[in-house]
Amino acid sequence: MALYTTDLLILGSGPAGYTAGIYAARAGLKTIIVSGNQEGGQLTMTNSIENFPGFEEISGFELMDKMKQQALKLGVEFVNDNIVEVDFSNRPFVCSSENGHSFKARAVIVATGSSAKWLNLSSEKKFLGYGVSACATCDGFFYRGRTVAVIGGGNSAAAEALYLASLADKVILVHRRRQLRADKILQDRILNNKKIVVEWDCVVDEILGEDNPLKVTGIKLRNVENDNVKTIALDGVFIAVGHQPNTDIFRGNLPLDSKGYIITHENSSKTDVEGVFAAGDVKDPKYKQAVISAGSGAMAAMDAIEFLDDN
Ligand code: NAP
């Protein structure tokens, strides 16, 4: 158990956290990044990124590793741990970690990102890791030559379906409406991919499977327009129905909106607590792009630098 003391503590190691670290270190601040429970954040689960300027195509893992190496080279200290409690009532702020470490900081940037949402079916929980997944990059390999379903109609679902189509025999994209939310370029790729079939206007009522050994064998779909129910045989189900902000530990410490996103002042990363800033998906209910998170991290670092100069 250690006590770390720093000018700036950054919570989270996605594009917002690393970019904030790069800016803060270049401004001469002693800066520590605490990784969170998924080093590199959600992007590390993305197989291919084609919209981060400067990289025509790069894997999420590689992009995040490049950001980390850049931050480390500039002198940012990296601690692989997860903050579980914060005290923002007095300065220096105190944050405590899962591994029992304490961090005292003159300023904090919260860049804890968001996590995948689930359908909240009991069968989904039962088969999690046994045919149910939220990460095609992590688990797609097991479905070579098989049939899988992807649930959702946004960019994540589209990207997962396209990736899985490169491995599986057949991909069934299940969307609850008749229009995908995903970007037009991804919609076109989905509709032109012979391995992908879209089940429009459908929701998953149940994930079906066997107990011994535990495995998924199908899904029960309900058409929301006419209530017709049908069963489809398949081997795996990938859930991609959106994300929620990782803000549980800030409840009562920082103002959150009705969906749990951190509220910041207009055109700023400042929260209502002087010296605590927020960046990236944790404060962004709308855009959630790697490049926007990176920009938001830069903004938070600049706000923190100004705050520390003044205090
Ligand atoms: P999203 O855009 O919020 O899409 C979630 C999808 O899941 C929607 O189509 C939604 O349906 C559906 N859905 C939500 N709850 C459901 C439920 N209970 N049952 C069935 N379907 C449900 O989330 P996302 O795809 O995770 O993307 C999050 C953000 O990351 C977005 O801003 C996205 O642009 C960004 N992102 C970008 C890329 C990229 O390459 N540019 C890749 C991945 C993610 P409705 O459409 O009916 O609401």
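Let's start at the ligand, which has 20 residues around it in this predicted model. The closest of these are Asn155, Ser156, Arg177, Arg181 and His243. Sorted by character, the shell residues comprise ten polar, six charged and four nonpolar ones.

Some oxygen atoms of the ligand can be paired with protein atoms, as the table shows.

| Residue | Protein atom | Distance to a ligand oxygen atom |
|---|---|---|
| Arg177 | side-chain N or O atom | 2.7 Å |
| Tyr287 | backbone N or O atom | 3.1 Å |
| Lys288 | polar backbone atom | 3.4 Å |

How much of the ligand does the protein bury? On its own, the ligand would expose 900 Å², and 76% of that is buried by the protein.

Now let's look at the nonpolar cores. The largest one is made of 33 residues. Leu8, Tyr18, Phe52, Leu63, Ile109 and Phe277 have the most contacts inside this core. Which elements give two or more residues to it? They are strands S1 (3-11) and S6 (102-110), together with helices H1 (15-26), H2 (60-73) and H7 (290-310). Of these, H7 contributes the most, with eight residues.

Leu63 makes a good example to find in the structure. If you set aside its neighbours within four places in sequence, Leu63 is in contact with Leu43, Ile49, Phe52, Phe55 and Ile58. Phe52, one of these partners, also appears among the core residues with the most contacts.

Apart from the largest core lies another, built from 23 residues. Its members include Val148, Val150, Ala161 and Phe238.

Methods. Residues are numbered from 1 along each chain as its sequence is written. This is a predicted model: local features need pLDDT of at least 70, side-chain atom pairs count only at pLDDT 80 or more; totals for chains, interfaces and linings use all residues. Side-chain values use heavy atoms; hydrogens and water are left out. A nonpolar core is a set of buried Ala, Val, Leu, Ile, Met, Phe, Trp, Tyr and Cys residues joined through side-chain atoms within 4.5 Å. Buried means under 20% relative accessible area, exposed over 50%, partly exposed in between (1.4 Å probe, protein chains only). Helices (H or I, at least four residues) and strands (E, at least two) are DSSP runs, numbered from the N terminus. Contact means heavy atoms within 4.5 Å. A residue is near a molecule or strand if one of its heavy atoms lies within 4 Å of it. A polar contact is a pair of N or O atoms within 3.5 Å; within protein, one must be able to donate a hydrogen and the other to accept it, and residues adjacent in sequence count only if both atoms are side-chain atoms. Accessible areas come from the Shrake-Rupley method with a 1.4 Å probe; for residues, only the protein chains shown count as cover. Ala, Val, Leu, Ile, Met, Phe, Trp, Tyr, Cys and Pro count as nonpolar, Asp, Glu, Lys and Arg as charged, and the others, Gly among them, as polar.
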